[in-house]
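Here are a few friendly notes to read alongside the model. Please keep the 3D view open as you go through them.

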Amino acid sequence: MEVRIQGIHFDVTRQLTDFINKKADKLGRRYESISYADFNLTVLKPETAMNKQAVAKIIVPHFGELVAKKVADSFEEAVDLALAAIESQLEKEKNKK
């Protein structure tokens, strides 16, 4: 699975990159058909609590593109929430078949 991480208007730290790769690999092991994962991270204005946004886009050949956008206090929490939403979407699609 190919993983792309993009910080919009900021540099993504190595620690955050490692965290996201670990979470994406875990999801990829559970759903082997995932071919691509894209994460866009943004700091929302104004600078207050709950201003970190993560948009996760997962491409699965049989299902197409699944997208989840979540906002939280930290990027790690936002990524966790977005991947949980993606996992829920994957389960729904899997149960349709």
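**The pocket and its surroundings**

1. A good place to begin is the largest pocket: its lining residues divide into three nonpolar, no polar and five charged. Please keep in mind throughout that this is a predicted model.

2. Which residues line the largest pocket? They are K23, K26, L27, R30, D80, L83, A84 and E87. Two elements, α1 and α2 (75-96), each give two or more residues to that lining. The space in the largest pocket comes to about 160 Å³.

3. Helix α1 covers residues 14-30, and together with β1 and β2 it makes a β-α-β unit that is left-handed. You may like to turn the view and trace the path from β1 over the helix to β2.

4. The two strands of that unit also meet directly: β1 (residues 2-8) pairs with β2 in the parallel sense, over seven bridges. To find the pairing on screen, look for E2, which stands opposite Y36 in β2.

5. How much of β2 is buried? Strand β2 spans residues 36-43, and seven of its eight residues are buried, leaving the strand mostly covered.

6. N40 is a helpful residue to pick out within β2. It counts as buried because its relative accessibility is 17%, and the cut-off for buried is under 20%. Leaving aside residues up to four places away in sequence, N40 touches R4, Q6, I8, Q53, A54 and V55.

7. β2 has another pairing to look at, with strand β3 (residues 52-60). Here the sense is antiparallel, and eight bridges link β2 and β3. D38 can serve as a marker, since it stands opposite K57 in β3.

8. Moving along from β3, strand β4 (residues 64-72) pairs with β3 in the antiparallel sense over nine bridges. What joins β3 to β4? A hairpin does, through three residues. Within this pairing, V55 stands opposite K69 in β4; V55 is also one of the residues that N40 touches.

9. Two loop residues deserve a look for their backbone angles. As background, most residues other than glycine have a negative phi. H9 is not a glycine, yet its phi is positive, at about 70°. You will find H9 in the loop between β1 and α1. Is H9 buried or exposed? With a relative accessible area of 82%, H9 is exposed, because the cut-off for exposed is over 50%.

10. M50 is the other one: its phi is positive too, at about 60°, and M50 is not a glycine. M50 sits in the loop between β2 and β3. Its relative accessibility is 45%, so M50 counts as partly exposed.

11. Finally, let us return to helix α1, where D25 is found. D25 has a relative accessibility of 40% and therefore counts as partly exposed. How far apart are D25 and K45? In sequence, D25 and K45 are 20 residues apart, while in space they are 31 Å apart, C-alpha to C-alpha.

Methods: Residues numbered from 1 in each chain as written. Predicted model: local features only at pLDDT ≥ 70, side-chain atom pairs only at ≥ 80, totals over all residues. Heavy atoms only, no water. Buried < 20%, exposed > 50% of the residue type's maximum accessible area, 1.4 Å probe, protein only. Helix = DSSP H or I, 4+ residues; strand = E, 2+ residues; numbered from the N terminus. Pairing = 2+ DSSP bridges. Right-handed = clockwise from strand over helix to strand, strands pointing away. 1 Å grid on protein atoms, 1.4 Å probe; cavity = no way out; pocket = protein on both sides within 12 Å on 5 of 7 lines; lining within 4 Å. Points joined across faces, edges and corners; volume = space filled by probe spheres on them. Nonpolar A, V, L, I, M, F, W, Y, C, P; charged D, E, K, R; others polar. Contact = heavy atoms within 4.5 Å.
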